[in-house]
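Me: I'm new to this structure and would like to know what stands behind the words used for it. Could you take me through a few of them?

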Amino acid sequence: MNAHGGLLAPSTTKKQLEGTAFVHLDGSLHATFATADFASALELVNRVGEVAEALNHHPDVRLGYGTVSLVLTSHDAGGVTVRDLDLAARVQQIADTLDASARAEPPTRYDIAIDCADADAVRPFWRVGLGYSEVTGDDGVELLDPRGLAPKIWFQHMEIARTERNRIHLDVYVPSDAAEDRVAAVLEAGGVLLSDEHAPDWWVLADVEGNELCVCTAAF
């Protein structure tokens with residue numbers, strides 16, 4: 001537990017987020033709003049900024065022509081707390097007042113996984129080549145884009161070198177409610193299900209040439 005009531009899982013926040021633009025994924029609440037033009041998008045950002053200042057809880061914001069994307073998380077707690085739900089409710093009220101509509105596209109996160117026998121030996125190549133930074137995460141030492149734009153890279157240890165498959169694959173994280181539909185769509189598009197042993201945490205799929213994609217969800 002923390003001073004803000006503890007971390008909240010997507011199963012806990014689902015009911016409270018119903019009817020809003022916000023979706024809980026990967027320790028954050030995500031929403032994208034469409035507005036009439038740039039000026040109205042800027043007004044939405046300014047109004048949200050006033051509320052965020054009053055609450056002393058600030059979202060990450062991306063502003064474009066007729067679009068505003070927000071990410072809410074409690075960095076000090078490491079995920080979603082009641083503060084984020086409170087801010088999300090207030091943001092939704094502002095958006096409704098300004099006739100800003102929710103964009104339907106669900107949030108996603110992309111990771112690149114590299115199979116290797118010695119991560120310490122191969123990691124510097126990728127760090128320097130891509131201009132990434134090293135951090136310690138759930139999968140050991142990982143590489144992150146310091147700009148926060150490109151996918152995370154993590155290294156999956158293998159005891160025996162695999163020659164029958166590509167040793168680099170993608171992970172896509174989607175909201176829990178969207179995962180089975182995403183898997184079904186991949187299969188409809190010609191994909192092959194290699195394993196659902198760990199579903200609903202993740203499914204392993206491949207294209208017709210064997211290149212793999214994991215469709216994943218996150219508990220927080």
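**Reasons behind the words**

Reply: Gladly! Let's begin with E43, which has a relative accessible area of 38% and is therefore partly exposed. Please keep in mind that this is a predicted model, where local features need pLDDT of at least 70 and side-chain atom pairs count only at pLDDT 80 or more, while totals for chains, interfaces and linings use all residues. Residues are numbered from 1 along each chain as its sequence is written, and side-chain values use heavy atoms, with hydrogens and water left out.

Me: Why is E43 called partly exposed?

Reply: Buried means under 20% relative accessible area, exposed means over 50%, and partly exposed is in between (1.4 Å probe, protein chains only). E43 has 38%, so partly exposed is the word for it. R47, with 28%, is partly exposed too.

Me: What makes E43 and R47 a salt bridge?

Reply: The term asks for a side-chain nitrogen of Lys or Arg within 4 Å of a carboxyl oxygen of Asp or Glu. For E43 and R47 the N to O value is 4.0 Å, so the pair meets the rule. The two residues are 4 apart in helix α2, which means about one helical turn separates them. Helices here are DSSP runs (H or I, at least four residues), as strands are (E, at least two), numbered from the N terminus.

Me: Why is D120 called exposed, and is R123 buried or exposed?

Reply: D120 has 55% relative accessibility, so D120 is over the 50% limit and counts as exposed. R123 has 7%, which is under 20%, so R123 is buried. Their side chains also meet in a salt bridge, at 3.1 Å from N to O.

Me: How do you know that D111 and K152 link distant parts of the chain?

Reply: D111 forms a salt bridge with K152, their closest N and O atoms being 3.6 Å apart. D111 lies in strand β6 (residues 109–116) and K152 in strand β9 (residues 152–157), 41 residues apart. D111, at 2% relative accessibility, counts as buried, and K152 is buried with 15%. Both residues belong to a network of salt bridges that also includes D26, R109 and E142.

Me: Which salt bridge can you show me at K14?

Reply: K14 pairs with D177, and the closest N and O atoms are 3.5 Å apart. That is within 4 Å, so the pair is a salt bridge. A search of the whole structure finds 12 salt bridges.
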